[in-house]
Amino acid sequence: MAELLAESPVTEPQCRLESINSSLYGQLISPTSKKGASIFVQPSAIQWFGVDIGGTLVKCVYFETQCQGDGEGVRALKTFLKSSLKYGSSGIRDQRLEMPRQCLGGQSGTLHFIKFATSRMHGFFDMVTKNGLGSFPKVVCATGGGAFKFENDFREVLGVELKKHDEMGSLIRGIHYLCKHYTNECYYWENPKEESISNTVPFQLGPDPYPYIVVNIGSGVSILLVESMDKFKRIGGTSVGGGTFLGLCGLLTDVDSFEAAIALAERGDSTLVDKMVGDIYGGGYEKFGLDADVVASSFGRMVNPELRKQAKPEDLAKATLVTITNNIGAIARMCASSSGVERVVFVGNYLCGNEMSMRMLAYAMEFWSQGTIKALFLQHEGYFGALGCMLPHLDPGVLK
């Protein structure tokens, strides 16, 4: 796990303590716990959570306030969440992405970013119950398909109500906030094709970045045209995304986690699996600007039984990564070209720790558009929806 980003000596902001949004938190919540006791959340003890429950990963954003009136239960919750960088078999707290000194809802605090496998959702419920985290918030802002799928489980097991929000609207709000409040959130890759000299360069989207395209790579892929903070629409997508990569790698190589699949792919050579332009022409196809090392047919060499026998797990993992990333890049470029948009922002947990795909996307955008389309990336990758779903309640004015 990467070390915590160095903090500059910035003075703690002076936040005026304002009343909590009573429509969401400062009220008696009607559901009851399994023991029949009614649930009441004291405004002074509120800890804010936003969750984005996807098909593969659950992303959580936790706003830890510095409220002096915290009770013992809330202090226990804080201690538990900050006690480790890992929870169970798949939970991770992304310490490198922490954002201290944030002023939201009239309080100063730190934004924490946590994720775990959606397949472990019931393990999460068990963890909350077994650790006696009775002060877990009784209303949680949520987005993603799992906000519907697991709504009854949250209510019946934890006594928690989910305040559901539109997935794409939450995504855009989260991007808007983090690009404004996190230094160097946005960046691009320089010399993406040459691994030895490639590097990232900060990019400022600016106060008026519109229009731009967002390519959200989760289990599948959604592509949005964003024309303003409140005006955006889905213009494309594909079912071939991060879930496809992990699923195929599991079938082909027996890896059982995204991190293991990426690590395996890093050691592989996809040209031993894919059929290249050079395999067909003996070199490049100059008339159409196709170099010899351009993929002509993904997994094309595997039609030969002898080559199939020689294929190594790492080569298959790398070819799977290349196939899926190229597919996403091609669709994204066509959407950008048809919309007349020059900036394409790639987000989603598929890109977490996946420099290979980021560099491939960056090179593809630049090469096939002849430099007219720029691929941009964001530091917080898959957490925008989780943050964006709670911002309208936590601090509506922060988005203006």
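How many aromatic pairs does the count come to in this structure?

1. The structure is a predicted model. The count comes to 17 aromatic pairs. A pair of aromatic rings is described by the distance of the centres and the angle of the planes.

2. One of these pairs is formed by F125 and F154, with 5.1 Å from centre to centre and 90° between the planes. This arrangement is edge-to-face, because planes over 60 degrees apart count as such. F125 belongs to helix α2 (residues 121-130) and F154 to helix α4 (residues 151-158), so the pair ties together parts that are 29 residues apart in sequence.

3. Both partners, F125 and F154, are buried. They also belong to a wider group: ring pairs link F116, F124, F125 and F154 into a cluster.

4. Helix α4 deserves its own remark. Its buried residues are E151, F154 and L158. Viewed down the axis of α4, these residues fall within an arc of 90°, so they line one face of the helix. The elements against which the buried residues of α4 pack are β3 (48-53), α2, α3 (146-149) and β10 (161-164). Just after α4, G159 adopts a positive phi of about 70°.

5. A ring may also have a charged residue over its face. K374 lies over the face of Y188, at 3.8 Å from the ring centre.

6. Is Y281 buried or partly exposed? Y281, found in helix α8 (residues 277-281), has a relative accessible area of 48% and is therefore partly exposed. The C-alpha atoms of Y281 and A292 are separated by 7.9 Å, and the two residues are 11 residues apart along the chain.

Notes:
Residues are numbered from 1 along each chain as its sequence is written. This is a predicted model: local features need pLDDT of at least 70, side-chain atom pairs count only at pLDDT 80 or more; totals for chains, interfaces and linings use all residues. Side-chain values use heavy atoms; hydrogens and water are left out. Rings of Phe, Tyr and Trp (its six-membered ring) pair if their centres lie within 6.5 Å; planes under 30 degrees apart count as stacked, over 60 as edge-to-face and the rest as tilted. Helices (H or I, at least four residues) and strands (E, at least two) are DSSP runs, numbered from the N terminus. Buried means under 20% relative accessible area, exposed over 50%, partly exposed in between (1.4 Å probe, protein chains only). A charge sits over a ring if NZ of Lys or CZ of Arg is within 6 Å of the ring centre and within 35 degrees of the ring normal. The arc is that of the directions from the helix axis to the C-beta atoms. Contact means heavy atoms within 4.5 Å.
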